[in-house]
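Here's a short set of exercises to work through with the model open in your viewer. Try each task before you read its solution.

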Amino acid sequence: MRKQTVRDIDVKGKRVLVRVDFNVPLEKGTGRILDDLRIRAVLPTIQYLRGEGSRLVLCSHLGRPRGQVVESLRLAPVAERLGEFLGVPVAAARDCIGAEAQEAVDALRPGDVLLLENLRFHPEEEANKPGFAGQLASLGEVFVNDAFGAAHRAHASTAGVARYLPAVAGFLMEKEIDYLNRAVGNPDRPFAAIIGGAKISDKIAVLRNLLTKADALMVGGGMANTFLKARGCQVGESLVEDDQLDSARSIMEEADSQGVPLLLPTDAVAADRFAADANCRTVPVGDVPEGWRIMDIGPDTLSTLRDALEDCRTVVWNGPMGVAEFSQFAEGSLGLALTLAELDATTIVGGGETVALVQQAGLEERFSHVSTGGGATLEFLEGKELPGVAALLDKA
Ligand code: ADP
Ligand code: MG
(Lines give C-alpha, C1' and ligand atoms only; values in the text may rest on other atoms or scores of the structure.)
(Ligands and ions follow the chains in the order given, each with its own letter.)
Protein backbone atom coordinates (compact mmCIF):
# COMPACT_ATOMS: atom_id res chain seq x y z
CA MET A 1 0.00 0.00 0.00
CA ARG A 2 1.37 3.39 -0.95
CA LYS A 3 1.45 6.10 1.68
CA GLN A 4 0.38 9.72 1.47
CA THR A 5 3.16 12.23 1.47
CA VAL A 6 3.59 15.83 2.37
CA ARG A 7 2.46 16.66 -1.19
CA ASP A 8 -0.94 15.03 -0.60
CA ILE A 9 -2.02 17.19 2.31
CA ASP A 10 -2.57 20.90 2.92
CA VAL A 11 0.29 22.26 4.99
CA LYS A 12 0.08 25.91 3.96
CA GLY A 13 0.60 28.15 6.95
CA LYS A 14 0.00 25.23 9.31
CA ARG A 15 1.91 24.11 12.34
CA VAL A 16 3.54 20.92 11.12
CA LEU A 17 5.01 18.45 13.58
CA VAL A 18 7.87 16.72 11.77
CA ARG A 19 9.51 13.60 13.20
CA VAL A 20 13.10 13.52 11.97
CA ASP A 21 15.95 11.19 12.80
CA PHE A 22 18.70 13.46 14.08
CA ASN A 23 20.35 10.63 15.98
CA VAL A 24 23.77 11.67 14.69
CA PRO A 25 27.07 10.22 15.92
CA LEU A 26 28.82 12.51 18.42
CA GLU A 27 32.50 12.62 19.30
CA LYS A 28 33.16 11.38 22.83
CA GLY A 29 34.20 14.20 25.12
CA THR A 30 33.67 17.14 22.76
CA GLY A 31 30.15 16.29 21.57
CA ARG A 32 31.13 17.37 18.07
CA ILE A 33 28.82 16.05 15.32
CA LEU A 34 30.87 13.46 13.46
CA ASP A 35 28.53 12.89 10.56
CA ASP A 36 25.59 14.98 9.44
CA LEU A 37 24.14 12.72 6.74
CA ARG A 38 20.92 12.39 8.73
CA ILE A 39 20.55 16.16 8.94
CA ARG A 40 21.22 16.68 5.24
CA ALA A 41 18.83 13.87 4.36
CA VAL A 42 15.73 15.72 5.62
CA LEU A 43 16.54 19.11 4.08
CA PRO A 44 14.23 18.55 1.07
CA THR A 45 11.22 18.06 3.36
CA ILE A 46 12.12 21.03 5.52
CA GLN A 47 12.70 23.30 2.51
CA TYR A 48 9.40 22.23 0.98
CA LEU A 49 7.47 23.00 4.17
CA ARG A 50 9.20 26.35 4.57
CA GLY A 51 8.24 27.13 0.99
CA GLU A 52 4.62 26.40 1.89
CA GLY A 53 4.80 28.84 4.78
CA SER A 54 4.40 26.11 7.39
CA ARG A 55 5.59 26.61 10.95
CA LEU A 56 7.93 23.70 11.48
CA VAL A 57 8.06 21.88 14.79
CA LEU A 58 10.78 19.26 14.45
CA CYS A 59 11.25 16.44 16.94
CA SER A 60 13.88 13.72 17.26
CA HIS A 61 15.67 11.43 19.64
CA LEU A 62 19.43 11.47 20.17
CA GLY A 63 21.34 8.64 21.77
CA ARG A 64 20.05 6.63 24.71
CA PRO A 65 19.21 8.94 27.62
CA ARG A 66 16.80 6.27 28.97
CA GLY A 67 13.99 8.58 30.00
CA GLN A 68 15.95 11.30 31.75
CA VAL A 69 17.68 14.55 30.89
CA VAL A 70 21.28 13.95 29.85
CA GLU A 71 23.07 17.25 29.19
CA SER A 72 25.41 15.79 26.57
CA LEU A 73 22.41 14.56 24.57
CA ARG A 74 20.66 17.89 24.14
CA LEU A 75 19.70 18.74 20.56
CA ALA A 76 20.82 22.40 20.53
CA PRO A 77 24.06 21.65 18.59
CA VAL A 78 22.01 19.81 15.98
CA ALA A 79 19.66 22.79 15.68
CA GLU A 80 22.71 24.96 15.07
CA ARG A 81 24.04 22.67 12.34
CA LEU A 82 20.62 22.54 10.71
CA GLY A 83 20.49 26.33 10.81
CA GLU A 84 23.81 26.48 8.95
CA PHE A 85 22.38 24.29 6.18
CA LEU A 86 19.18 26.32 5.95
CA GLY A 87 20.83 29.71 6.27
CA VAL A 88 18.33 30.72 8.95
CA PRO A 89 18.46 30.31 12.72
CA VAL A 90 16.73 27.22 14.07
CA ALA A 91 15.36 27.64 17.59
CA ALA A 92 15.97 24.85 20.10
CA ALA A 93 13.36 24.28 22.80
CA ARG A 94 14.44 23.06 26.24
CA ASP A 95 11.73 20.39 26.32
CA CYS A 96 9.59 18.55 23.78
CA ILE A 97 6.25 18.95 25.59
CA GLY A 98 4.74 21.27 28.16
CA ALA A 99 4.82 25.03 28.64
CA GLU A 100 8.33 25.61 27.31
CA ALA A 101 7.63 23.73 24.10
CA GLN A 102 4.26 25.45 23.69
CA GLU A 103 5.78 28.92 24.09
CA ALA A 104 8.44 28.17 21.50
CA VAL A 105 5.78 26.91 19.08
CA ASP A 106 3.61 29.99 19.66
CA ALA A 107 6.55 32.21 18.71
CA LEU A 108 6.89 30.62 15.25
CA ARG A 109 6.09 32.66 12.16
CA PRO A 110 5.46 31.11 8.73
CA GLY A 111 8.64 29.42 7.50
CA ASP A 112 10.26 29.36 10.95
CA VAL A 113 11.87 26.19 12.22
CA LEU A 114 11.93 24.94 15.80
CA LEU A 115 13.67 21.81 17.05
CA LEU A 116 12.13 20.33 20.19
CA GLU A 117 14.35 18.80 22.86
CA ASN A 118 15.36 15.11 22.78
CA LEU A 119 12.18 13.02 22.88
CA ARG A 120 13.84 10.26 24.85
CA PHE A 121 14.35 12.53 27.87
CA HIS A 122 10.81 11.33 28.62
CA PRO A 123 10.31 7.61 29.29
CA GLU A 124 6.81 7.89 27.79
CA GLU A 125 8.32 8.29 24.32
CA GLU A 126 9.71 4.77 24.02
CA ALA A 127 6.82 3.36 26.06
CA ASN A 128 4.47 4.95 23.50
CA LYS A 129 2.19 6.42 26.17
CA PRO A 130 -0.98 7.96 24.70
CA GLY A 131 -0.88 10.96 27.07
CA PHE A 132 2.61 11.89 25.91
CA ALA A 133 1.75 11.30 22.25
CA GLY A 134 -1.31 13.53 22.69
CA GLN A 135 0.76 16.33 24.22
CA LEU A 136 3.27 16.11 21.41
CA ALA A 137 0.50 16.05 18.82
CA SER A 138 -1.07 19.17 20.35
CA LEU A 139 1.94 21.15 19.09
CA GLY A 140 0.99 20.57 15.45
CA GLU A 141 -1.96 20.39 13.09
CA VAL A 142 -0.38 17.91 10.67
CA PHE A 143 2.16 15.17 11.34
CA VAL A 144 4.96 14.46 8.87
CA ASN A 145 7.20 11.48 9.53
CA ASP A 146 10.59 11.73 7.84
CA ALA A 147 12.42 9.57 10.37
CA PHE A 148 12.86 6.37 8.43
CA GLY A 149 15.69 5.35 10.78
CA ALA A 150 13.20 5.21 13.67
CA ALA A 151 10.26 3.74 11.75
CA HIS A 152 10.82 0.21 13.08
CA ARG A 153 9.99 1.44 16.58
CA ALA A 154 6.41 1.87 17.79
CA HIS A 155 7.16 4.95 19.86
CA ALA A 156 4.96 7.91 20.76
CA SER A 157 6.59 10.14 18.13
CA THR A 158 6.55 7.57 15.33
CA ALA A 159 3.29 5.66 15.78
CA GLY A 160 1.46 7.24 18.74
CA VAL A 161 0.98 10.77 17.34
CA ALA A 162 -0.64 9.39 14.20
CA ARG A 163 -3.71 8.63 16.30
CA TYR A 164 -4.20 12.35 16.92
CA LEU A 165 -3.08 14.03 13.68
CA PRO A 166 -3.32 13.33 9.96
CA ALA A 167 0.00 11.58 9.31
CA VAL A 168 1.96 11.56 6.07
CA ALA A 169 5.46 10.71 4.87
CA GLY A 170 8.22 13.24 4.25
CA PHE A 171 10.38 13.01 1.15
CA LEU A 172 13.12 10.96 2.79
CA MET A 173 10.61 8.47 4.16
CA GLU A 174 8.98 8.32 0.72
CA LYS A 175 12.31 7.69 -1.01
CA GLU A 176 13.35 4.99 1.46
CA ILE A 177 10.03 3.17 1.15
CA ASP A 178 9.99 3.46 -2.64
CA TYR A 179 13.51 2.10 -3.17
CA LEU A 180 13.24 -0.70 -0.63
CA ASN A 181 9.71 -1.66 -1.68
CA ARG A 182 10.72 -1.88 -5.30
CA ALA A 183 13.85 -3.89 -4.48
CA VAL A 184 12.07 -6.51 -2.43
CA GLY A 185 8.70 -6.31 -4.17
CA ASN A 186 9.19 -5.67 -7.84
CA PRO A 187 12.89 -5.41 -8.71
CA ASP A 188 14.39 -5.12 -12.17
CA ARG A 189 16.03 -8.52 -12.59
CA PRO A 190 18.44 -10.09 -12.09
CA PHE A 191 18.34 -8.97 -8.47
CA ALA A 192 21.27 -9.80 -6.20
CA ALA A 193 21.52 -9.33 -2.45
CA ILE A 194 24.89 -9.11 -0.72
CA ILE A 195 24.84 -9.56 3.03
CA GLY A 196 27.88 -9.23 5.27
CA GLY A 197 28.75 -7.89 8.68
CA ALA A 198 29.53 -9.49 11.96
CA LYS A 199 26.84 -11.88 12.97
CA ILE A 200 24.54 -14.27 11.18
CA SER A 201 22.12 -14.10 14.13
CA ASP A 202 21.45 -10.38 13.39
CA LYS A 203 20.59 -11.03 9.77
CA ILE A 204 19.15 -14.52 9.58
CA ALA A 205 15.64 -13.20 8.95
CA VAL A 206 16.95 -10.91 6.20
CA LEU A 207 18.68 -13.84 4.52
CA ARG A 208 15.55 -15.98 4.75
CA ASN A 209 13.33 -13.30 3.24
CA LEU A 210 15.75 -12.28 0.49
CA LEU A 211 16.17 -15.89 -0.48
CA THR A 212 12.57 -15.84 -1.67
CA LYS A 213 13.06 -12.60 -3.64
CA ALA A 214 16.58 -12.49 -5.04
CA ASP A 215 18.08 -14.24 -8.05
CA ALA A 216 21.39 -14.60 -6.24
CA LEU A 217 22.53 -14.24 -2.67
CA MET A 218 26.09 -13.45 -1.64
CA VAL A 219 27.34 -13.78 1.91
CA GLY A 220 30.57 -12.22 3.19
CA GLY A 221 32.03 -10.73 6.35
CA GLY A 222 32.15 -12.47 9.69
CA MET A 223 28.82 -14.18 9.14
CA ALA A 224 30.20 -16.13 6.18
CA ASN A 225 32.48 -18.01 8.59
CA THR A 226 29.54 -19.81 10.14
CA PHE A 227 28.44 -20.94 6.66
CA LEU A 228 31.97 -22.04 5.84
CA LYS A 229 32.25 -24.02 9.05
CA ALA A 230 28.86 -25.61 8.38
CA ARG A 231 30.29 -26.75 5.06
CA GLY A 232 33.21 -28.37 6.85
CA CYS A 233 35.92 -25.73 6.40
CA GLN A 234 38.44 -25.28 9.19
CA VAL A 235 38.18 -21.58 9.93
CA GLY A 236 40.67 -21.43 12.83
CA GLU A 237 39.98 -18.68 15.33
CA SER A 238 37.55 -16.85 13.01
CA LEU A 239 34.40 -15.34 14.45
CA VAL A 240 31.87 -18.20 14.29
CA GLU A 241 28.45 -18.59 15.88
CA ASP A 242 28.31 -22.26 16.72
CA ASP A 243 24.67 -21.98 17.76
CA GLN A 244 23.83 -20.82 14.23
CA LEU A 245 25.42 -23.70 12.32
CA ASP A 246 22.00 -25.28 11.83
CA SER A 247 20.52 -22.02 10.59
CA ALA A 248 23.36 -21.72 8.10
CA ARG A 249 22.76 -25.29 6.92
CA SER A 250 19.04 -24.72 6.53
CA ILE A 251 19.60 -21.54 4.53
CA MET A 252 21.99 -23.35 2.22
CA GLU A 253 19.44 -26.15 1.77
CA GLU A 254 16.65 -23.67 1.06
CA ALA A 255 18.81 -21.87 -1.48
CA ASP A 256 19.53 -25.21 -3.13
CA SER A 257 15.92 -26.25 -3.27
CA GLN A 258 14.85 -22.87 -4.67
CA GLY A 259 17.68 -22.87 -7.20
CA VAL A 260 19.06 -19.57 -5.89
CA PRO A 261 22.85 -19.49 -6.07
CA LEU A 262 24.35 -18.71 -2.67
CA LEU A 263 27.89 -17.45 -3.09
CA LEU A 264 30.33 -17.80 -0.21
CA PRO A 265 33.94 -16.62 -0.03
CA THR A 266 36.46 -18.92 -1.67
CA ASP A 267 39.54 -17.15 -0.34
CA ALA A 268 40.19 -14.89 2.59
CA VAL A 269 42.65 -12.49 4.15
CA ALA A 270 43.58 -14.21 7.41
CA ALA A 271 45.36 -12.61 10.35
CA ASP A 272 47.28 -13.99 13.31
CA ARG A 273 45.24 -11.84 15.71
CA PHE A 274 42.36 -9.34 15.73
CA ALA A 275 44.30 -6.11 15.36
CA ALA A 276 44.92 -3.37 12.80
CA ASP A 277 48.60 -4.26 12.55
CA ALA A 278 48.25 -8.05 12.66
CA ASN A 279 50.29 -10.22 10.33
CA CYS A 280 48.15 -11.28 7.42
CA ARG A 281 48.10 -13.69 4.54
CA THR A 282 45.69 -14.45 1.69
CA VAL A 283 44.61 -18.09 1.74
CA PRO A 284 41.90 -20.34 0.30
CA VAL A 285 39.07 -20.56 2.85
CA GLY A 286 39.95 -24.20 3.56
CA ASP A 287 43.53 -23.30 4.50
CA VAL A 288 43.29 -20.83 7.36
CA PRO A 289 46.44 -21.52 9.42
CA GLU A 290 45.82 -22.86 12.91
CA GLY A 291 45.30 -20.05 15.39
CA TRP A 292 44.60 -17.53 12.59
CA ARG A 293 41.30 -15.90 11.71
CA ILE A 294 39.43 -14.68 8.63
CA MET A 295 39.35 -10.85 8.50
CA ASP A 296 38.31 -10.09 4.91
CA ILE A 297 37.33 -11.70 1.63
CA GLY A 298 40.23 -12.36 -0.73
CA PRO A 299 40.80 -11.23 -4.34
CA ASP A 300 39.37 -14.40 -5.91
CA THR A 301 36.12 -13.92 -4.02
CA LEU A 302 35.98 -10.30 -5.08
CA SER A 303 36.45 -11.18 -8.71
CA THR A 304 33.76 -13.88 -8.48
CA LEU A 305 31.43 -11.26 -6.98
CA ARG A 306 32.28 -8.85 -9.79
CA ASP A 307 31.44 -11.42 -12.45
CA ALA A 308 28.22 -12.41 -10.72
CA LEU A 309 27.11 -8.78 -10.42
CA GLU A 310 27.95 -7.78 -13.96
CA ASP A 311 24.50 -8.37 -15.45
CA CYS A 312 22.46 -7.52 -12.36
CA ARG A 313 19.85 -4.78 -12.66
CA THR A 314 19.18 -4.42 -8.92
CA VAL A 315 21.60 -4.94 -6.03
CA VAL A 316 21.01 -4.54 -2.32
CA TRP A 317 24.09 -4.51 -0.09
CA ASN A 318 24.16 -4.60 3.71
CA GLY A 319 27.16 -5.43 5.87
CA PRO A 320 30.91 -5.11 5.25
CA MET A 321 32.86 -7.98 3.70
CA GLY A 322 35.52 -7.80 6.40
CA VAL A 323 36.82 -5.93 9.43
CA ALA A 324 36.83 -2.76 7.36
CA GLU A 325 37.56 -0.47 10.31
CA PHE A 326 41.16 -1.75 10.00
CA SER A 327 42.46 -0.50 6.64
CA GLN A 328 44.43 -3.69 6.10
CA PHE A 329 41.13 -5.60 6.01
CA ALA A 330 38.99 -3.08 4.14
CA GLU A 331 39.95 -4.01 0.59
CA GLY A 332 37.20 -6.53 0.04
CA SER A 333 34.52 -4.06 1.14
CA LEU A 334 36.08 -1.16 -0.79
CA GLY A 335 36.45 -3.30 -3.89
CA LEU A 336 32.81 -4.28 -3.65
CA ALA A 337 31.76 -0.65 -3.09
CA LEU A 338 33.65 0.40 -6.20
CA THR A 339 32.17 -2.44 -8.24
CA LEU A 340 28.67 -1.40 -7.24
CA ALA A 341 29.42 2.27 -7.89
CA GLU A 342 30.36 1.41 -11.48
CA LEU A 343 27.42 -0.91 -12.09
CA ASP A 344 24.64 0.15 -14.45
CA ALA A 345 21.92 -0.95 -12.05
CA THR A 346 19.75 0.20 -9.19
CA THR A 347 22.14 -0.05 -6.25
CA ILE A 348 20.96 0.23 -2.67
CA VAL A 349 23.27 0.24 0.31
CA GLY A 350 22.17 0.12 3.94
CA GLY A 351 23.56 -0.50 7.43
CA GLY A 352 25.49 1.86 9.70
CA GLU A 353 28.98 0.59 9.09
CA THR A 354 28.42 -0.20 5.42
CA VAL A 355 27.14 3.29 4.70
CA ALA A 356 30.02 4.86 6.65
CA LEU A 357 32.44 2.92 4.49
CA VAL A 358 30.77 4.02 1.27
CA GLN A 359 30.84 7.63 2.45
CA GLN A 360 34.50 7.47 3.48
CA ALA A 361 35.33 6.11 0.05
CA GLY A 362 33.53 9.11 -1.46
CA LEU A 363 31.15 6.84 -3.36
CA GLU A 364 27.86 7.94 -1.77
CA GLU A 365 26.68 9.81 -4.87
CA ARG A 366 27.33 6.82 -7.10
CA PHE A 367 24.76 4.59 -5.43
CA SER A 368 21.10 4.88 -6.42
CA HIS A 369 20.07 4.96 -2.79
CA VAL A 370 21.99 5.18 0.47
CA SER A 371 19.59 4.13 3.20
CA THR A 372 19.67 6.17 6.40
CA GLY A 373 18.15 3.34 8.43
CA GLY A 374 20.13 0.72 10.30
CA GLY A 375 17.64 -1.47 12.12
CA ALA A 376 14.76 -0.06 10.07
CA THR A 377 16.40 -1.07 6.79
CA LEU A 378 17.06 -4.56 8.10
CA GLU A 379 13.48 -5.01 9.30
CA PHE A 380 12.21 -3.79 5.94
CA LEU A 381 14.43 -6.34 4.20
CA GLU A 382 13.07 -8.99 6.57
CA GLY A 383 9.68 -8.25 5.04
CA LYS A 384 8.23 -6.77 8.23
CA GLU A 385 5.81 -3.89 8.25
CA LEU A 386 7.38 -0.97 10.13
CA PRO A 387 5.05 0.60 12.74
CA GLY A 388 6.13 4.13 11.78
CA VAL A 389 5.19 3.43 8.18
CA ALA A 390 2.00 1.54 8.94
CA ALA A 391 0.71 4.53 10.94
CA LEU A 392 0.77 6.82 7.89
CA LEU A 393 -2.33 7.52 5.79
CA ASP A 394 -2.74 5.30 2.76
CA LYS A 395 -2.97 6.83 -0.67
CA ALA A 396 -6.50 6.88 -2.04
P1 ADP B 1 26.17 -2.72 9.33
O2 ADP B 1 26.35 -1.75 10.47
O3 ADP B 1 26.61 -2.11 8.03
O4 ADP B 1 24.81 -3.33 9.28
P5 ADP B 1 27.24 -4.89 10.85
O6 ADP B 1 27.06 -4.10 12.10
O7 ADP B 1 26.35 -6.05 10.64
O8 ADP B 1 27.18 -3.93 9.57
O9 ADP B 1 28.71 -5.44 10.75
C10 ADP B 1 29.85 -4.64 10.86
C11 ADP B 1 30.86 -5.33 11.72
O12 ADP B 1 31.20 -6.59 11.16
C13 ADP B 1 32.14 -4.57 11.84
O14 ADP B 1 32.34 -4.20 13.18
C15 ADP B 1 33.21 -5.57 11.39
O16 ADP B 1 34.35 -5.53 12.19
C17 ADP B 1 32.51 -6.88 11.54
N18 ADP B 1 33.11 -7.90 10.68
C19 ADP B 1 33.07 -7.99 9.34
N20 ADP B 1 33.80 -9.04 8.91
C21 ADP B 1 34.30 -9.64 10.00
C22 ADP B 1 35.13 -10.78 10.22
N23 ADP B 1 35.60 -11.50 9.20
N24 ADP B 1 35.44 -11.11 11.50
C25 ADP B 1 34.98 -10.37 12.52
N26 ADP B 1 34.20 -9.29 12.40
C27 ADP B 1 33.86 -8.92 11.14
MG1 MG C 1 26.51 -2.10 12.61
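Domain bounds here come from an automatic or database domain assignment. With that in mind, the assignment gives domain 1 (6–173) and domain 2 (187–382).

Some ground rules before you start. This is a predicted model, where local features need pLDDT of at least 70, side-chain atom pairs count only at pLDDT 80 or more, and totals for chains, interfaces and linings use all residues. Residues are numbered from 1 along each chain as its sequence is written, chains are lettered from A and ligands numbered from 1 in the order in which they are written, and side-chain values use heavy atoms, with hydrogens and water left out.

**Exercise 1.** Work out how domain 1 and domain 2 meet, starting from their centres.

*Solution.* Start with the spacing: taken over C-alpha atoms, the two centres are 35 Å apart. Next, count contact residues (heavy atoms within 4.5 Å): domain 1 puts in 9 and domain 2 puts in 12. Then turn to buried area, the accessible area (1.4 Å probe) that two parts lose on being put together, summed over both. The pair buries about 840 Å², with 60% of that on carbon and sulfur atoms. On the domain 1 side, Leu37, Phe148 and His152 supply 62% of the area it buries against domain 2, more than any other three residues.

**Exercise 2.** Find the salt bridge between domain 1 and domain 2, then describe the domain 1 side of the contact.

*Solution.* The rule for a salt bridge is a side-chain nitrogen of Lys or Arg within 4 Å of a carboxyl oxygen of Asp or Glu. Between the domains the count is 1, and the side chains of Arg40 and Glu364 pair up that way at 3.9 Å, N to O. For elements, use DSSP runs numbered from the N terminus: helices (H or I, at least four residues) and strands (E, at least two). Helix α1 (residues 37–40) gives the most to the domain 1 side, with 3 residues.

**Exercise 3.** Which parts of the chain does the Arg7–Glu174 salt bridge tie together?

*Solution.* First, the geometry: the side chains of Arg7 and Glu174 meet at 3.9 Å, N to O. Now place the partners: Arg7 lies in the segment before β1 (15–19) and Glu174 in helix α7 (residues 171–185), so the bridge joins parts that are 167 residues apart in sequence.

**Exercise 4.** Track down the cis peptide bond and a non-glycine residue with positive phi.

*Solution.* Begin with the background: most residues other than glycine have a negative phi, and most peptide bonds are trans. The bond from Arg189 to Pro190 is cis, with omega near 0°, and Pro190 is in the loop between α7 and β7 (191–195). As for phi, Arg66 has a positive value of about 55°. You'll find Arg66 in the loop between β2 (55–59) and α3 (76–86).
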